[in-house]
Amino acid sequence: MKRSLALGLSLTLLASPVMATEKDTLKARQDRLSNQLEESKKAQEETDAELNITEAERDAVATEIRAVNERLEGLSEQIAVQQEEADAARTELEETRDQLAAHGQYLESQKALLSERLRVLQVHEDRSYLQVVFESRSFGDFVTRLLTAQTIAEQDRDLIHTYMNEVERLETLEARQRTQLSFLKQKERELVVTKQALDVAAEQKRDLLSELNEQVELLELEKMSRAEEQALMNEQSRIIAGQLEAIATAEREAAEAQARAEAEARAKAEAEAKAQAEAKAAAAAEAKGQSDEKTTASPAPTPPPPAEAPTNVSGPATSFVRPVSGYVSSPFGPRQNPLTGVAESHRGIDLVNATGTPIVAAAPGIVIKAAPATGYGNVVFVSHIVGGAVWTTVYAHLDSITVSSGQTVSAGQTVGTLGNTGWSTGPHLHFELHRGQWAPGQPNAVDPGPYIGY
C-alpha cells in the first residue's frame, strides 16, 4: 500500500514525470495562452475587417479600370475614324488643289490671248464695228460679219465669266476643305489629349490596383498566419488542459490512497489498542487470582516499518540533444533577411546539411503540430518538460514529416528530414527553442546554441 501511494504521487506528463509544483505553472501558462488567444482573435477580426475594406477598394478600382479601358477603346476607335476622315479630307483637298492648279494652268495659257483681245476690243472697239459695216461686200456678208463679231464678244465674256466662276468655285471648295481638315485635326488632337489623360489615369489606377493586390496578399498571409497561430495555441492549450487533468486525477488518486492509508492505520491502531486493553485486563485478573504464580506479560506490538519516501520511476529530462549535425549558417539574433534583405531578429538557428538528413527530437515530449505552416514550410512543434519546466522546440523547412500531432516522442527520435520548404534559400534546419509555450511574435524564444552544443 505504501508503495502504491508513492507511485500514485508520481505523475507522468509529456512522457516525463511532472512535479506537483508544476500545476500552478501550467495554470499560469494556460491563462497566458487564453489571453494571447483572445488577443490573436481580436487581431484576426481587425485583419478580416481591413481585408474586407481593401478587397472592396480593389474591386472598385478594378471596376474603374475596366470602365476607363472601355472608354479608351471607344476613344481609340473614334481617333481611328477621325484619322480616316482626316485622311479622306486631306485627299479631297489635294485633289481640289490639283484641279485648281490644272485649271489655273489652262486659264493661264488663255490669259495672254484674252488680255490681248480685251486690249484690242478696248482700243479698236468702234473701228472694228465700222470695218464690219464698210468692208462688207454685201448685206449678207455684213450680217455674217456682225454676228461673228457679236459671237466673239460673247465668247470673250463667257470665257471671262467661266474663268472667274471656276476660280471662285475652286477657291471656295479649297477654303471649305481646309476648314474641314482643320476641324478634323482639332477634333483628333482633342481626342488624343483626352486619350493621353485617360492613359495616365489608367496607369495610376493600375498602380493603385497593384498596391491593393499586394495589400490583399499581405492581409491574407496575415490572416493565414493568425489562423495557424490560433490553431497552435489551441493545441497547446489542449495539451496543458490534459496535463492539468492528469495532475488532478493523480491528486485525487493520491488523496484517496492517503485517505485509505489513514483509515487503515486508524483501524489498525484501534485494533491494537483494543488488543492491548484486553491483554491488560486479562493480566490483571490473572494476577489477582493467582498471585503466587508467575505471570507473563503480553509481548509489545511490533512497531510499523517506516514509510517509504515517494520516488519517481523516470525523472524529467534535464538537457537537450542536437537535432541534426551540420554548420550554423545563421545564428540566433539580429540579421538581414536573406529573402527580403530587411533587418530582422532571427528567432532560431539555421543548421546546414544535405536534403533528406534525419531530424530528431531534442528531448522527450508531445508533438503539438506536424504540418505545413506559413513561412516555416513543413514544420514540427514539440512540447517538453525539461528540468521541471515547460519548453517548446520547432523544426522548420523539413523535406518530410515522420510524426503526427499528439504523438509522444523520445529524445533522438526522428521527426522528419532536412529540406528547403517554406521561406528558405537552401537546404537547412531552422531550429527554435522556446522557454514555455510557443506564442505569436516568439517572445519566449532563446538562443538554442548553448543548449545543443553550438
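A helix here is a DSSP run (H or I) of at least four residues, and helices are numbered from the N terminus.

**Figure 1. The E203–R206 salt bridge in helix α3 of a predicted model.** E203 and R206 both sit in helix α3. They are 3 residues apart, which means a separation of about one helical turn. Their side chains form a salt bridge, with the closest N and O atoms 3.0 Å apart. Neither partner is buried: E203 is partly exposed at 39% relative accessible area, and R206 is partly exposed at 37%. By the rule used, the structure has 4 salt bridges.

**Figure 2. A salt-bridge network of R335, E344 and D350.** Side chains of opposite charge can pair when their charged atoms come close. R335 takes part in two such pairs, one with E344 and one with D350. The N to O distance is 2.7 Å for E344 and R335. For R335 and D350 it is 3.5 Å. R335 belongs to strand β4 (residues 333–336) and D350 to strand β6, so this pair ties together parts that are 15 residues apart in sequence.

**Figure 3. Burial of the residues in the R335, E344 and D350 network.** D350 is buried, with 7% relative accessible area. The cut-off for buried is under 20%. R335, at 21%, counts as partly exposed. E344 is also partly exposed, at 28%.

**Figure 4. The largest pocket and its lining.** The space in this pocket is about 950 Å³. Its lining has 36 residues, and T374, G375, Y376, W423 and Q442 are the closest to the centre. By class, 17 of the lining residues are polar, 11 nonpolar and 8 charged. Helix α3 gives the most to the lining, with 4 residues. Strands β3 (327–330), β5 (343–346), β6 (349–352), β8 (365–373) and β13 (429–435) each supply at least two lining residues.

**Figure 5. The largest cavity and its lining.** Rolling a probe the size of a water molecule over the atoms shows where empty space is left. A search of the whole structure finds 1 cavity of 30 Å³ or more. About 70 Å³ of space lies in the largest cavity. It is lined by 10 residues, and Q236, I240, S383, V390 and Q437 are the closest to its centre. The lining has 5 nonpolar, 4 polar and 1 charged residues. Helix α3 (residues 139–289) gives the most to this lining, with 4 residues.

Conventions
Residues are numbered from 1 along each chain as its sequence is written. This is a predicted model: local features need pLDDT of at least 70, side-chain atom pairs count only at pLDDT 80 or more; totals for chains, interfaces and linings use all residues. Side-chain values use heavy atoms; hydrogens and water are left out. On a 1 Å grid over the protein atoms alone, a cavity is a set of points where a 1.4 Å probe fits but cannot get out, and a pocket is an open set with protein on both sides within 12 Å along at least five of seven lines; lining residues have an atom within 4 Å of a point. Grid points are joined across faces, edges and corners, and a volume is the space filled by probe spheres set on the points. Ala, Val, Leu, Ile, Met, Phe, Trp, Tyr, Cys and Pro count as nonpolar, Asp, Glu, Lys and Arg as charged, and the others, Gly among them, as polar. Buried means under 20% relative accessible area, exposed over 50%, partly exposed in between (1.4 Å probe, protein chains only).
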